[in-house]
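Open the model in your viewer and keep the selection panel at hand. We will go from stop to stop.

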2 protein chains.
Amino acid sequence: MDTDDGLRIDAPHRELLDQILDKWSLSVLNELCERPCRFNELRRSIPRVTQKSLTATLRRLERNGVIEREVLATRPVAVRYRITPLGKTLRHPVDVLLAWAAQHMPAVERAREGFDTREEEAVL
Amino acid sequence: MDTDDGLRIDAPHRELLDQILDKWSLSVLNELCERPCRFNELRRSIPRVTQKSLTATLRRLERNGVIEREVLATRPVAVRYRITPLGKTLRHPVDVLLAWAAQHMPAVERAREGFDTREEEAVL
DNA sequence: CGGAATCCCTAGGGATACTG
DNA sequence: CAGTATCCCTAGGGATTCCG
């Protein structure tokens with residue numbers, strides 16, 4: 001559990017995590033873990049995301065194999081995004097992360113206040 | 001474990017994770033989990049990080065309470081960074097994440113190749 | 001040694017308009 | 001509906017220089 005060295009962080013790993021843990025990906029994955037979604041459905045359910053950013057996020061996640069894009073031959077076209085089996089394996093790591101954030105947010109906020117106070121004093 | 005809804009991702013949580021899971025933070029945390037480090041020690045042990053980026057990363061982590069900065073009154077000054085108790089609680093989530101990356105990297109690479117191949121064909 | 005300050009530069013985000 | 005295309009603009013990274 002707490003081995004001495006733990007795991008190395010090499011460039012490919014960090015690049016992968018950067019692509020999957022970026023600003024909007026967590027929200028998208030969370031949403032698609034619950035149910036498949038249309039593009040505008042996702043857009044509405046994720047506050048403040050722009051169409052451009054959402055498109056880029058979806059492409060990146062699709063390229064990395066964690067979500068799937070399915071075009072339905074209707075008029076007008078409908079597109080359905082869904083999580084893949086690989087994407088589902090991300091659920092646990094992400095949940096662990098979110099649980100950490102939820103649990104320790106108060107401690108972080110206290111730390112921030114202390115830090116900012118010390119900064120102010122340093123200026124005086 | 002796999003509750004239906006899992007956890008929400010609100011703005012404060014995402015902001016916190018952004019600050020802690022960014023490009024260089026994982027490497028810094030990993031290093032400081034093993035032992036306290038001087039500034040240039042960290043710099044040498046993290047390939048390709050610049051002094052500016054490292055400074056910014058350390059300040060951010062310090063502000064969020066996961067690392068500590070200690071100035072030793074020597075000549076010339078020495079500065080020692082160490083992980084805090086709060087920072088140590090990050091170890092498990094981060095390890096889970098790195099384990100995921102290590103385990104699924106091959107699948108991700110296959111997905112990328114498939115995606116890129118389909119893209120090429122689409123152009124033709 | 002451990003930064004801060006400066007300059008430069010580009011990847012990426014927001015807004016808007018257009019399309020199959 | 002689900003994007004693509006375009007313009008604009010600024011936050012942030014790299015390189016370099018200077019300081020206590």
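The tour visits the protein interface, then each DNA strand.

**Before you start**

This is a predicted model: local features need pLDDT of at least 70, side-chain atom pairs count only at pLDDT 80 or more, and totals for chains, interfaces and linings use all residues. Residues are numbered from 1 along each chain as its sequence is written, chains are lettered from A and ligands numbered from 1 in the order in which they are written, and side-chain values use heavy atoms, with hydrogens and water left out.

**Stop 1: chain B against chain A**

Select chains A and B. Here 51 residues of chain B are in contact with 52 residues of chain A (contact: heavy atoms within 4.5 Å). The size of an interface is often given as the accessible area lost when the parts come together. Between chain B and chain A, about 5,100 Å² is buried (accessible area, 1.4 Å probe, that two parts lose on being put together, summed over both). Carbon and sulfur atoms give 64% of that area.

Next, look for charge pairs. There are 3 salt bridges between chain B and chain A (a side-chain nitrogen of Lys or Arg within 4 Å of a carboxyl oxygen of Asp or Glu). Select Arg63(B) and Asp116(A): they form a salt bridge, with their closest N and O atoms 2.9 Å apart. Polar contacts link 10 residue pairs between chain B and chain A, both residues at pLDDT 80 or more (N or O atoms within 3.5 Å; within protein, one must be able to donate a hydrogen and the other to accept it, and residues adjacent in sequence count only if both atoms are side-chain atoms).

Which elements of chain B supply at least two residues each to the side that touches chain A? Colour α1 (11-20), α2 (25-34), α4 and α6 (91-123) of chain B (helices, H or I, of at least four residues, and strands, E, of at least two, are DSSP runs numbered from the N terminus). The largest share, 19 residues, comes from α6(B).

**Stop 2: DNA strand D**

Select the 16 residues around DNA strand D (near means a heavy atom within 4 Å). Arg38(A), Gln51(A), Arg69(A), Tyr81(A) and Lys52(B) come nearest. Of the strand D atoms within 4 Å of the protein, 62% belong to sugar or phosphate and the rest to bases.

Zoom in on three side chains. An N or O atom of Arg38(A) is 2.6 Å from a phosphate oxygen of DNA strand D. For Arg69(A) the distance to a phosphate oxygen is 2.5 Å. For Tyr81(A) the distance is 2.5 Å. Now show α3 (39-45), α4 (51-63) and β3 (78-83) of chain A, plus α4 (51-63) of chain B: these give two or more residues to the surface near DNA strand D. The largest share, 4 residues, is from α4(A).

**Stop 3: DNA strand C**

Move to DNA strand C, where 16 residues surround the strand. The closest are Lys52(A), Arg38(B), Asn40(B), Arg69(B) and Tyr81(B). Sugar and phosphate account for 63% of the strand C atoms within 4 Å of the protein.

Which distances separate side chains from phosphate oxygens of DNA strand C? Arg38(B) has an N or O atom at 2.6 Å. A polar side-chain atom of Arg59(B) lies at 3.3 Å. For Tyr81(B), the value is 2.5 Å. End on α4(B), which gives the largest share of the surface near DNA strand C, 4 residues.
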